[in-house]
Amino acid sequence: KPQRTTQYEVGFSQQIGQDLGVEVTGYFKDIRNLNSTKIVQSFVAGDRYGLYINKDYANSRGITVAISKRPNGPFSGNVDYTYSISEGNASDPAAAFYDEQANIEPEKVLVPLDWDQRHTLNGSLTFHPTKVSGLSLVFNYGSGFPYTTTNADGQRTSFENNGRKPPTYNVDLRGFYNFQISKSIRLSANINIYNLTN
């Protein structure tokens, strides 16, 4: 059967003054009919095999707060923060099959999915000293994704995705300056520095 997703979203936006805006958005996703596997035992010599079925379930919910400043004056920019939770039976459709091979009881509770990133923060700040030049900082931060701890033999030591990887962040710097050579000719000099802190 096809995967089925039902999504609800509600938002609110408000302008503050002449150049500042605030937006708040909340959402909830209900995901059903995700692919999974079940183990079928045949009557012939007790053979077992995996069969794809629609069984797994997941949900995702979160809230985003965004603040933006229009280019009124020398500074402009925006920043947004998202808190979200993504949970389900399993991230991999073949998880139940692998659990059977490893003699592990399949998950019967919701666990964090592979893409469950709880906190994300994005922002940019632009400085316009003149009409023909600008300098921008672009920043993003993300908390760690989940992972499953294993022992030396590769067998998991707890439930799926019980650990968290370290958070990541990045800062880029971008600048430009426009040269007016004549009425019909204009040159632009640009500089892009990726991963400024490293």
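# Worked exercises on a predicted strand-rich model

Strands β2 and β3 run antiparallel and pair over 20 bridges. Keep that pairing in view as you work through the exercises; the model is a predicted one.

## Exercise 1: Follow the strands from β2 to β4

Task: find how β2, β3 and β4 are joined, and name a bridge partner in β3 and one in β4.

Solution.

Step 1. Begin with β2, which covers residues 20-41. Its Leu34 has Asp56 of β3 as bridge partner.

Step 2. Look at the turn. Six residues lie between β2 and β3 in their hairpin, and Ala45 in this turn has a positive phi of about 60°.

Step 3. Move on to β4. Strands β3 and β4 are antiparallel too, joined by twelve bridges. Here Ser60 has Ser86 in β4 as its bridge partner.

Step 4. Check the second hairpin. Five residues separate β3 and β4, and Gly73 has a positive phi near 105°.

Step 5. While you are in β2, stop at Asn33, which lies in this strand. Asn33 is a non-glycine residue with a positive phi, near 65°. Its relative accessibility is 27%, so Asn33 counts as partly exposed.

## Exercise 2: Place a salt bridge between two strands

Task: which strands does the salt bridge of Arg61 and Glu87 tie together, and is each residue buried or partly exposed?

Solution.

Step 1. Recall the principle: side chains of opposite charge can pair when their charged atoms come close.

Step 2. Apply the cut-off. A salt bridge needs a side-chain nitrogen of Lys or Arg within 4 Å of a carboxyl oxygen of Asp or Glu. In the pair of Arg61 and Glu87, the closest N and O atoms are 3.6 Å apart.

Step 3. Locate the partners. Arg61 belongs to β3 and Glu87 to β4, so the pair ties together parts 26 residues apart in sequence.

Step 4. Judge the exposure. Arg61 is partly exposed at 31% relative accessibility, whereas Glu87 is buried, with a relative accessible area of 18%.

## Exercise 3: Trace a salt-bridge network

Task: the structure holds five salt bridges; find the residues that shared partners join into one network.

Solution.

Step 1. Start at Asp116. Its side chain meets that of Arg118 in a salt bridge, at 2.8 Å from N to O. With 0% relative accessibility, Asp116 counts as buried.

Step 2. Find another partner of Asp116. Arg164 also forms a salt bridge with Asp116, at 2.5 Å from N to O. This pair links distant parts of the chain, 48 residues apart: Asp116 is in the loop between β5 and β6, and Arg164 is in strand β9. Arg164 is partly exposed, with a relative accessible area of 36%.

Step 3. Put the pairs together. Asp116, Arg118 and Arg164 form one network through salt bridges that share partners.

## Exercise 4: Compare the aromatic pairs

Task: how are the rings arranged in the two aromatic pairs of the structure?

Solution.

Step 1. Take Phe75 and Phe127. Their ring centres are 5.0 Å apart and their planes meet at 35°, which makes the pair tilted. Phe75 is in β4 and Phe127 in β6, so the pair ties together parts 52 residues apart in sequence.

Step 2. Check the cover. Phe75 is partly exposed at 40% relative accessibility, and Phe127 is partly exposed at 32%.

Step 3. Turn to Tyr177 and Phe179. This pair is also tilted, with 4.9 Å centre to centre and 55° between the planes. Tyr177 counts as partly exposed at 39%, and Phe179 as partly exposed at 40%.

## Exercise 5: From surface to overall form

Task: which residues form the nonpolar surface patch, and how does the radius of gyration of the protein stand against the globule rule?

Solution.

Step 1. List the patch: Ile16, Leu20, Ile63, Val65, Ile67, Val79, Tyr81 and Tyr83, with about 590 Å² of accessible area together. Strands β3 and β4 are the elements that give two or more residues to it.

Step 2. Look at one member. Ile16 lies in strand β1 and is partly exposed, with a relative accessible area of 43%.

Step 3. Count the elements. The protein has one helix and eleven strands. Its radius of gyration is 25 Å, well over the 16 Å given by the globule rule for 198 residues, so the protein is more spread out than a compact globule.

Step 4. Add the dimensions and burial. Along the principal axes, the C-alpha atoms fill a box of roughly 85 × 40 × 35 Å. Of the 198 residues, 28% count as buried.

How values were computed: Residues numbered from 1 in each chain as written. Predicted model: local features only at pLDDT ≥ 70, side-chain atom pairs only at ≥ 80, totals over all residues. Heavy atoms only, no water. Patch = residues over 30% accessible without salt bridge, like charges linked within 9 Å, V, L, I, M, F, W, Y side chains within 5 Å. Areas by Shrake-Rupley, 256 points an atom, 1.4 Å probe, with all protein chains shown as cover. Helix = DSSP H or I, 4+ residues; strand = E, 2+ residues; numbered from the N terminus. Buried < 20%, exposed > 50% of the residue type's maximum accessible area, 1.4 Å probe, protein only. Pairing = 2+ DSSP bridges. Phe/Tyr/Trp six-rings, centres within 6.5 Å; stacked < 30°, edge-to-face > 60°. Rg over C-alpha atoms; globule rule 2.2 N^0.38 Å.
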